[in-house]
Amino acid sequence: MRTSIATVSLSGSLTEKLNAAARAGFDGVEIFENDLLASPLTPEEIRARCADLGLTIDLYQPMRDIEAVPDDEFARNLRRARHKFELMRRLGTDTVLVCSSVSPLALDDDALATAQLSELADLAQDFGVRVAYEALAWGRHVSTYDHAWRIVEAADHPALGTCLDSFHILSRGPDPKDLEGIEDIPGEKIFFLQLADAPLLAMDVLQWSRHYRCFPGQGGFDIAGLLRHVVRAGYAGPLSLEVFNDVFRQAEAGPTAVDARRSLLVLQESIGLAPLPEPVVPTGIAFAELVTPDAEPVAAILGALGLARTARHRSKPVDLWECGEARILVNTGPAARREGTGLAAVGLESPDPAGAARRAEALLAPVLPRRRAPQDTPLDAVAAPDGTELFFCATGRPELPNWRADFEPVEAAATAVSAEGVERIDHLALTQPWHHFDEAALFHRSVLGLHGQESVDVADPYGLFRSRAVTNSGGSVRIALAVGPAPTEDETRVQHIALATDDVIAAARRFRAAGGRLLPMPANYYDDLAARYEFTEGELATYSELGILYDRDAQGEFRHCYTRTVGRVFFELVQRDGGHQGYGAQNAPVRLAAQHAQHSLR
């Protein structure tokens, strides 16, 4: 189906919004009145700009407080409407959105609303305009889609139809059976469809609508279920996004528009309207790549963790460090940011690397050109929303290109710790740019086929961190996405790599013995642990000595500790027992406070 986006969903000037929508591949736009009023372009120039960009103007919106009002007020409304219909003719669009009235003058009189909307439609028809009547969830007397449809049906006017808006319908928490009535509306009388998701919040619906909408798949609404009903009704118009969101209004328009269109592609796929390449779910983490201007501090911490430098890339300044199935690449080639070491790329084990790349490209993930020597292994890579490079890998499979073939063995460093304890990368924690959190969650679920867990809020000394993990079904790929309490420069975003071990106490002791520095935790934390859990004699003292944190749930136990930060990266040693699937969220506030304290001592 054709796709459209309301200009209110994007940041910037009207020209910037139109450019972003066109680049993202949208077919059309809704022109929000405020964007037009603030634009220096005439309606004719806006029309021409859209035509040059290949965009249709699918809707002009909104007209408010029109119907069921006293005669003198309605006369003023018709005068206003006449002016707007003339503007729409200049703009080159033929559909206007009329919201159900919230005016204190509006009367609870369906017959009056029907008569006045019919008269409005007469006037609209003279200008070649159609009126799409929408029920606002907070409408004074008309607040449900079926009530709005009854009024439209009673008017029986060819220039009057209804607009269905997923937020206004689903925010009222209807019984799923109530939505079946959508299929009773003739498809040709559904003049427009607006889509928006939202997190499930308990708050005033107007504030919820104005600040917290998001793109389909990023919230808690069953947008796919509603769309199925609309399609069965015979609707053939565009799928249009109307999203009011404080973060999107401050984010760059281009990436937001791409995220928006990706959400519509995934939505259409979910109900069989737009076939896409099948998801290829990664089966493991092949490597994590660090970029650093100075390899020495990184080498010291990796060696202390038990990894050894085993190979070097034959054509690039990249070293491979490994222990068990844990592999870290250390790249000193690119110019590093002033903050030093950062996590730049992740290799994902894929059953079908080429298929994974096709899926990513179809969902608008930027395919990354890769500078390589003729003999280097070809690898498909795309960029995640935060800029992290994702490589689709096949390690040690003869039938597929093997990235390890690019590395030549070296003699392990004499200072390397015994290769015991560290088994693999347990998870990666990626702090997202402030305005990319919802985009990142949708990207990792839709492009990579990972499952999203519930979002959690974590208290930081200076605000709240929001975190959401995405995993494959077996837990061999775990990525914890987080966003900080406020906008920050990208250089200050800290990432971390968690390494799995079957004995975190032994691993922590080896790390310290090799000169590594663990993040100390406050004594008050261990006093609280003693109150909440029973431990064997000396166990809690050991945890306190090493800075080990502890968590427990119905599935098992979780023990973990942290290294000091190097540049913008730190490491975590993790021991999972009994099937524990968490990440120690209840310990995160203590860890964050400890990191702030250490940072202030620098």
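Does Phe167 count as buried or exposed, and at what relative accessibility? In this predicted model, Phe167 has a relative accessibility of 0% and therefore counts as buried. The residue lies in helix H7, which covers residues 166-170.

The protein chain as a whole comes next. It holds 602 residues, of which 56% are buried. Its secondary structure comprises 17 helices and 25 strands. The C-alpha trace spans about 90 × 60 × 40 Å along its principal axes. Among contacts with a separation of 6 or more, 74% are between residues 24 or more positions apart.

A barrel is formed by 8 strands. Their order is E1-E2-E3-E4-E5-E6-E7-E8, and the pairing is parallel. On average, neighbouring strands of this sheet are turned by 30° against each other, direction ignored. Strand E1 covers residues 3-6. One side of E1 carries Thr3 and Ile5, the other Ser4 and Ala6, and all four are buried. Both faces of E1 are thus covered. E1 is joined to strand E8 (residues 239-241) by 3 bridges, and the two run parallel. Ser4 has Ser240 as its bridge partner in E8. E1 also pairs with strand E2 (residues 28-32), again in the parallel sense and over 3 bridges. Here the bridge partner of Ile5 is Val29.

Elsewhere in the barrel, strand E5 (residues 130-134) runs parallel to strand E6 (residues 160-165). The two are joined by 3 bridges. Val131 has Leu160 as its bridge partner in E6. Helix H5 (residues 110-126) lies across E5, E6 and strand E4 (95-99). The helix runs at about 150° to E5. Arg130 lies over the face of Phe191, at 4.1 Å from the ring centre. A second charge over a ring is found at Tyr562. There the charged end of Arg591 sits 5.3 Å from the ring centre.

Aromatic contacts were searched across the whole structure, and 16 aromatic pairs were found. In the pair of Phe167 and Phe221, the ring centres are 6.0 Å apart. The planes meet at 50°, so the pair is tilted. Phe221 lies in the loop between helix H8 (205-212) and helix H9 (223-232). Because Phe167 is in H7, the pair ties together parts that are 54 residues apart in sequence. Phe221 has a relative accessibility of 11%, so this residue counts as buried.

Phe535 and Tyr550 form an aromatic pair of the edge-to-face kind. The distance is 5.0 Å centre to centre, with 75° between the planes. Phe535 is in the loop between helix H15 (523-532) and helix H16 (539-546), whereas Tyr550 is in strand E23 (residues 549-552). The pair therefore ties together parts that are 15 residues apart in sequence. Tyr550 counts as buried because its relative accessibility is 0%. Beyond these pairs, Phe287, Phe391, Trp403 and Phe407 form one aromatic cluster.

Helix H15 has a buried side and an exposed side. Tyr525, Tyr526 and Leu529 are buried in H15. Viewed down the helix axis, the buried residues of H15 fall within an arc of 95°, so they line one face of the helix. Ala523, Asn524, Asp527 and Ala531 are exposed on the other side of H15.

Two further positions were examined individually. Lys84 is placed in helix H4 (residues 71-91). With a relative accessibility of 15%, this lysine counts as buried, because the limit for buried is under 20%. Neighbours within four places in sequence aside, Lys84 is in contact with Glu33, Tyr60 and Met63.

Ala384 lies in the loop between strand E14 (380-383) and strand E15 (389-393). Ala384 has 7% relative accessibility and so counts as buried. Setting aside neighbours within four places in sequence, its contacts are Leu390, Phe443 and His444. Ala384 and Ser446 are 62 residues apart in sequence. In space, the C-alpha to C-alpha distance between Ala384 and Ser446 is 12 Å.

Key:
Residues numbered from 1 in each chain as written. Predicted model: local features only at pLDDT ≥ 70, side-chain atom pairs only at ≥ 80, totals over all residues. Heavy atoms only, no water. Phe/Tyr/Trp six-rings, centres within 6.5 Å; stacked < 30°, edge-to-face > 60°. Buried < 20%, exposed > 50% of the residue type's maximum accessible area, 1.4 Å probe, protein only. Lys NZ or Arg CZ within 6 Å of the ring centre and 35° of its normal. Contact = heavy atoms within 4.5 Å. Pairing = 2+ DSSP bridges. Axes fitted to C-alpha atoms, helices over the stretch in contact; angles between N-to-C directions. Arc of directions from axis to C-beta.
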